[in-house]
Amino acid sequence: MNRDDTRDALDQFLAGVERRAYRIARYSLGGSDEALDVVQEAMFRLCERYAHRPSEQWKPLFYRILANAITDHHRKTARKHARIGGAMPASEPGSEEFEPSAMLEQSELGARLEAEIGRLPEQQRQCFLLRCWEQLSVAETARIMGISIGSVKTHYHRALARLGVLTGG
Amino acid sequence: MTKPDQSNDRVDSATKRVEASLREALESRLEALPPEVTRRLAESRQAALTRRSRAYWRRPAVGGLALAASVLLAVILIGQGTRETTPGQDAPGQHATGPVAAEPTATADLLILAIESEDLDDEAATVIQDLDFMLWLSQQDDLDA
């Protein structure tokens, strides 16, 4: 693949994942600006360091970078709040993002699902989003999250059981 | 009685239905992202791609310098090889046709290869020109000796 082809392929890849990546970051971090920052960081790192890798590796690499960026952000925020002795702000995914009119246009299930995803433990949330939404394999999810395949299965099963109730499943 | 295989299949298909339903609900939420967010995501993407292009264009500098370093090494090795064989073997007048005569040709070939390389940028070209000059200077010293 020449340089222009790689650029086009990267552009297409990022355009395909950016909104879901933003959502994933948003569910974990709560704030829109923070989510945009970590997605941008993940895009930068992928383009600068891993663009030369085969394109089929971009997705797991990108989500690995994103997961690391989210974890880093959590650590920084925790340190900052520990320094100033305050409590961590509560994460409320989607709370300030949508206008009431836009909210009305959303499916009721989608809104309830988002709220419930926001309440999941971090690892269950990541497992669910990577496995169910991004449709990554158990092995890929394990590599991205840096945990065992067994742990992925456990986290995913628990998340699915909790969220599946919303669908009546 | 239900066979275990059929039971597993039913569980799998029920799970798949739940997954599909959840996925659909999540996808529906993507459509509702505020324009400001989608605009900023697109900007971030373009900035990342531009950075990557800059990184790509910086690469030749590294490649070029590596090439220059390779030429330097080759020049040193060739220079050492000829110095080891030439002293005392040739009469002073024979330098022009002996191994020393072959040295500039080999080095010149390397320099031409380096200069024609697409990896070469201005900085690396300057390094190679300096090497060329140093080589020429060492040849003058050899001739003077």
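Visitor: How many helices and strands are in chain B?
Guide: Chain B has 4 helices and 0 strands. Here helices (H or I, at least four residues) and strands (E, at least two) are DSSP runs, numbered from the N terminus. This is a predicted model: local features need pLDDT of at least 70, side-chain atom pairs count only at pLDDT 80 or more, and totals for chains, interfaces and linings use all residues. Residues are numbered from 1 along each chain as its sequence is written, while chains are lettered from A and ligands numbered from 1 in the order in which they are written.

Visitor: And what does chain A come to in helices and strands?
Guide: Chain A has 8 helices and 0 strands. From the N terminus on, its elements run α-α-α-α-α-α-α-α.

Visitor: What share of each chain is buried?
Guide: In chain A, 34% of the 169 residues count as buried. In chain B, buried residues make up 18% of 145. The cut-offs use C-beta atoms placed from the backbone: 20 or more others within 10 Å is buried, 12 or fewer is exposed, and in between is partly exposed.

Visitor: How many residues does each chain bring to the A-B contact?
Guide: 37 residues of chain A are in contact with 27 residues of chain B. Contact means C-beta atoms, placed from the backbone, within 7 Å.

Visitor: Which element of chain A gives the most there?
Guide: H1(A) does, with 11 residues. Other elements giving two or more residues include helix H2 (32-50) and helix H5 (108-119) of chain A.

Visitor: How does that side split by class?
Guide: The side of chain A that touches chain B has 18 nonpolar, 8 polar and 11 charged residues. Ala, Val, Leu, Ile, Met, Phe, Trp, Tyr, Cys and Pro count as nonpolar, Asp, Glu, Lys and Arg as charged, and the others, Gly among them, as polar.

Visitor: Switching to Val39(A). Buried or exposed?
Guide: Val39(A) is buried, because it has 32 C-beta neighbours inside 10 Å. Val39(A) sits in helix H2 of chain A.

Visitor: What is Val39(A) in contact with, leaving aside neighbours within four places in sequence?
Guide: Its contacts beyond those neighbours include Tyr22(A) and Leu66(A), plus Leu41(B) and Ser44(B) from chain B. Arg19(A) is 20 residues from Val39(A) in sequence, and their C-alpha atoms are 9.2 Å apart.

Visitor: Next, at what angle do H7 and H8 of chain A pack?
Guide: H7 (residues 138-145) and H8 (residues 149-167) pack at about 100°, with axes 9 Å apart. Axes are lines fitted to C-alpha atoms, for helices over the stretch in contact, and angles run from 0 to 180 degrees between N-to-C directions. H7(A) and H8(A) are therefore roughly perpendicular. Under 35 degrees is roughly parallel, over 145 roughly antiparallel, 65 to 115 roughly perpendicular and the rest oblique.

Visitor: Which residues make that contact?
Guide: Among them are Val138(A) and Met145(A) of H7(A), and Ile149(A) and Lys153(A) of H8(A). By class, the contact has 6 nonpolar, 1 polar and 1 charged residues.

Visitor: Where does H8(A) bend?
Guide: H8(A) bends by about 25° at Ala161(A). That is the angle between axes fitted to the seven residues ending there and the seven starting there. Buried residues in H8(A) include Val152(A) and Leu163(A).

Visitor: What about phi at Gln135(A)?
Guide: Gln135(A) is not a glycine, yet has a positive phi of about 55°. Most residues other than glycine have a negative phi. Gln135(A) lies in the loop between H6 and H7 of chain A. Gln135(A) is exposed, because 11 other C-beta atoms lie within 10 Å.

Key
Two residues are in contact if their C-beta atoms, placed from the backbone, lie within 7 Å.
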